[in-house]
Amino acid sequence: MYELQSLIDAHFESRKKEEEELLGLKDRIEKRRAERAEQQRIRSEKDKERQARREAERQKREEADVHRKMEEDAKKKNVLSSMGSGYSSHLQKIEGKRGKKQTEREKKKKIMAERCKPLEVDDDFSDADLGDKAKELWEWLHDLEAIKYDHCERLKRQRYEVSEQMVY
C-alpha cells in the first residue's frame with residue numbers, strides 16, 4: 001500500500017512538473033509570436049518610410065529637371081534676344097533647313113501628349129478597381145494597336161499602288 005501511495009505521489013509530482021514545463025513553453029511561444037509580430041510591424045513601417053523617401057527623391061529629381069530645363073530655355077531666349085535680329089534670322093534659316101524632320105517630330109510629340117493621358121490611380125483603389133483600370137488600359141492599348149496596324153497596312157497598299165503606277 002505504501003508503494004502504491006508513493007507511485008501515485010511520484011506520478012502526480014511528475015505530472016505537475018510536466019504541466020509547469022508545458023505552461024513555460026506556451027509562455028515562450030506567445031512571447032516569440034509577440035516579438036515576431038512586432039518585428040514584422042517595424043519592418044513594414046521601415047519599408048513604407050523607405051518607399052516614401054524614394055518617392056520624395058524621385059519627385060525632387062523631376063522638379064529639378066523641370067526647373068533646370070526652364071532655366072536653360074530662359075537663358076537661350078535671353079541670349080537670342082541679346083544677339084540681335086541678324087543672328088536670330090540666321091537661326092531661323094538654319095531651322096528652316098532642318099525643317100520638316102524637326103516639325104514632324106514636334107507634331108508627333110504634340111499628338112502623343114494629347115493621346116497619353118496621365119494614369120489616375122488613387123491610393124484608396126481596391127484590387128478589383130485596379131483590375132478594372134488595368135483591363136480598361138489594356139483595351140485602350142489594343143484599340144490603338146489595331147489603329148496602328150490599319151494605318152500600316154493602308155500605307156503598304158498605297159506604296160504598292162504608287163510603285164505599280166510608276167511601272168505603267
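## A walk from the pocket outward

Helix 3 (100–115) and helix 4 (127–167) each contribute at least two residues to the lining of the largest pocket. Let us start there, keeping in mind that this is a predicted model. The pocket has a volume of about 330 Å³. If you would like to select its walls in your viewer, the lining consists of E104, K107, K108, I111, M112, R115, L144, I147, K148, H151 and C152. Which helix gives the most to this lining? Helix 3 does, with six residues. Sorted by class, the lining holds five nonpolar, one polar and five charged residues. As for how such a space is found, rolling a probe the size of a water molecule over the atoms shows where empty space is left.

Now zoom out to the whole chain. How many helices and strands are there? The protein chain has four helices and zero strands, and reading along the sequence gives the pattern α-α-α-α. Burial comes next: of the 168 residues, 1% count as buried. The accessible surface of the chain amounts to about 16,600 Å², and carbon and sulfur atoms account for 54% of that surface.

With the overall picture in place, we can turn to the charged side chains. Searching the whole structure turns up 11 salt bridges, and helix 1 is a good place to look at some of them. In one of these, the side chains of E35 and R32 meet with an N to O distance of 3.6 Å, which falls within the 4 Å cut-off for a salt bridge. Why can these two side chains be considered neighbors along the helix? Helix 1 spans residues 2–83, and E35 and R32 are three residues apart in it, so about one helical turn separates them. Both ends of the bridge are partly exposed: E35 has a relative accessible area of 43%, and R32 has one of 37%.

Further along, E62 and R58 form another salt bridge, with their closest N and O atoms 2.5 Å apart. Here the spacing in helix 1 is four residues, again about one turn of the helix. E62 counts as partly exposed at 41% relative accessibility, and R58 is partly exposed too, at 33%.

What distance, N to O, goes with the salt bridge between D65 and R68? Their side chains meet at 3.4 Å. D65 and R68 both belong to helix 1 and sit three residues apart, about one turn of the helix. D65 is partly exposed with a relative accessible area of 36%, while R68 is partly exposed with 39%. Salt bridges can also be linked through shared partners, and in this way E38, R41 and E45 are joined into one network.

Our last stop is a nonpolar feature on the surface. Which residues make the nonpolar surface patch of about 290 Å²? The patch is made by L4, I8 and F12. One of these residues, L4, lies in helix 1, the helix that also holds the E35 and R32 pair.

To retrace the route, we began at a pocket whose lining draws on helix 3 and helix 4, moved to a chain with four helices and zero strands, followed salt bridges such as the one between E62 and R58, and finished at the patch made by L4, I8 and F12.

Notes: Residues are numbered from 1 along each chain as its sequence is written. This is a predicted model: local features need pLDDT of at least 70, side-chain atom pairs count only at pLDDT 80 or more; totals for chains, interfaces and linings use all residues. Side-chain values use heavy atoms; hydrogens and water are left out. Buried means under 20% relative accessible area, exposed over 50%, partly exposed in between (1.4 Å probe, protein chains only). On a 1 Å grid over the protein atoms alone, a cavity is a set of points where a 1.4 Å probe fits but cannot get out, and a pocket is an open set with protein on both sides within 12 Å along at least five of seven lines; lining residues have an atom within 4 Å of a point. Grid points are joined across faces, edges and corners, and a volume is the space filled by probe spheres set on the points. Ala, Val, Leu, Ile, Met, Phe, Trp, Tyr, Cys and Pro count as nonpolar, Asp, Glu, Lys and Arg as charged, and the others, Gly among them, as polar. Patches are made of residues with over 30% relative accessible area and no salt bridge: like charges are joined within 9 Å, nonpolar side chains (Val, Leu, Ile, Met, Phe, Trp, Tyr) within 5 Å. Accessible areas come from the Shrake-Rupley method with a 1.4 Å probe; for residues, only the protein chains shown count as cover.
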